[in-house]
Amino acid sequence: MDSITVREAGKSLKFTFDDLLRYHGGGFPGGVVHGLKAMQAAFPLFGSEPPERREITLVTAFSGPGGRDAIEAVTRALTDGRLTVDRSLGGRDVITDPPGPYLWRFGYRGRFVEALIRPGHVREEFVRLGAKPDRTEAETKRHEGLKREMADRLLPLPASEIYAPRVLD
């Protein structure tokens with residue numbers, strides 16, 4: 001449950017959460033997990049074979065560096081200009097205006113799959129502290145802990161428990 005496989009010119013490439021976290025640098029582990037879980041939820045709807053990484057497109061409301069780096073490591077979509085962040089697709093936040101930024105629309109060979117977060121996976125305290133512009137040192141430390149807590153809590157779960165994927169018409 002901690003890896004994703006894609007293909008590069010027909011050759012399978014497997015990326016683990018640790019690979020993605022290393023590429024990212026570690027500052028936003030929860031975001032890395034969200035990127036991984038969104039891909040795990042969506043990619044099986046493209047077919048039984050792992051998709052060719054350089055043919056995957058993404059439009060998402062998720063602008064965080066952890067999710068972006070997870071997607072980039074696996075698909076190279078940012079480098080190749082196939083990643084678009086459109087904050088207007090989601091709501092203000094996942095608590096008061098779902099799905100907030102947790103909306104991912106992947107495209108592959110003419111098929112489009114949307115992955116939306118299921119309720120209850122992002123804690124209100126995390127959202128509140130993340131949006132607070134004038135955090136104290138203690139609040140900043142708490143927010144950093146919540147990032148790690150989210151990663152630790154979500155990583156072992158099946159992607160379908162966190163994200164609801166559906167094929168778009």
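User: Why does Ala61 count as buried?

Analyst: Ala61 has 0% relative accessibility, and buried means under 20% relative accessible area (exposed is over 50%, partly exposed in between; 1.4 Å probe, protein chains only), so Ala61 counts as buried. A word on the numbers: this is a predicted model, in which local features need pLDDT of at least 70 and side-chain atom pairs count only at pLDDT 80 or more, while totals for chains, interfaces and linings use all residues. Residues are numbered from 1 along each chain as its sequence is written, and side-chain values use heavy atoms, with hydrogens and water left out.

User: Where is Ala61, and what does Ala61 touch?

Analyst: Ala61 sits in the loop between β3 (56-60) and α3 (65-75); helices (H or I, at least four residues) and strands (E, at least two) are DSSP runs, numbered from the N terminus. Its contacts (heavy atoms within 4.5 Å), leaving aside residues up to four places away in sequence, are Asp86, Arg87, Leu89, Gly90, Gly100, Pro101 and Leu103. The C-alpha atoms of Ala61 and Val85 are 5.5 Å apart, although 24 residues separate the two along the chain.

User: What makes α3 largely enclosed by the rest of the structure?

Analyst: Nine of its eleven residues are buried, so the label fits α3. Among the buried ones are Gly66, Ile71 and Thr75. The cover over the buried residues of α3 includes β1 (3-8), β2 (11-16), α1 (17-24), α2, β3 and β5 (103-108).

User: How do you know that Thr75 is buried?

Analyst: Its relative accessible area is 1%, so Thr75 falls under the 20% limit and is buried. The side chain of Thr75 also reaches the backbone oxygen of Ile71 at 2.7 Å. That distance is within the 3.5 Å allowed for a polar contact (a pair of N or O atoms; within protein, one must be able to donate a hydrogen and the other to accept it, and residues adjacent in sequence count only if both atoms are side-chain atoms).

User: Why is Ala9 called exposed?

Analyst: At 75% relative accessibility, Ala9 is over the 50% limit and therefore counts as exposed. Ala9 is found in the loop between β1 and β2, and its phi is near 50°, a positive value in a residue other than glycine.

User: How do you know that the length of α5 agrees with its residue count?

Analyst: The expected span is 1.5 Å times one less than the number of residues. For the 18 residues of α5 (residues 137-154) this should give 26 Å, and the end C-alpha atoms are 26 Å apart, so the two agree. The buried residues of α5 pack against α2 (29-42), α4 (124-131) and α6 (159-162).

User: Which residues touch the most other members of the largest nonpolar core?

Analyst: They are Phe43, Trp104, Phe106 and Tyr163, in a core of 44 residues. α2 gives the largest share of this core, seven residues. Such a core is a set of buried Ala, Val, Leu, Ile, Met, Phe, Trp, Tyr and Cys residues joined through side-chain atoms within 4.5 Å. Among the residues that Phe43 touches are Ile4, Val6, Val74 and Phe106.

User: What joins Pro98 and Pro99?

Analyst: A cis peptide bond, with omega about 5°. Pro99 lies in the loop between β4 (83-85) and β5.
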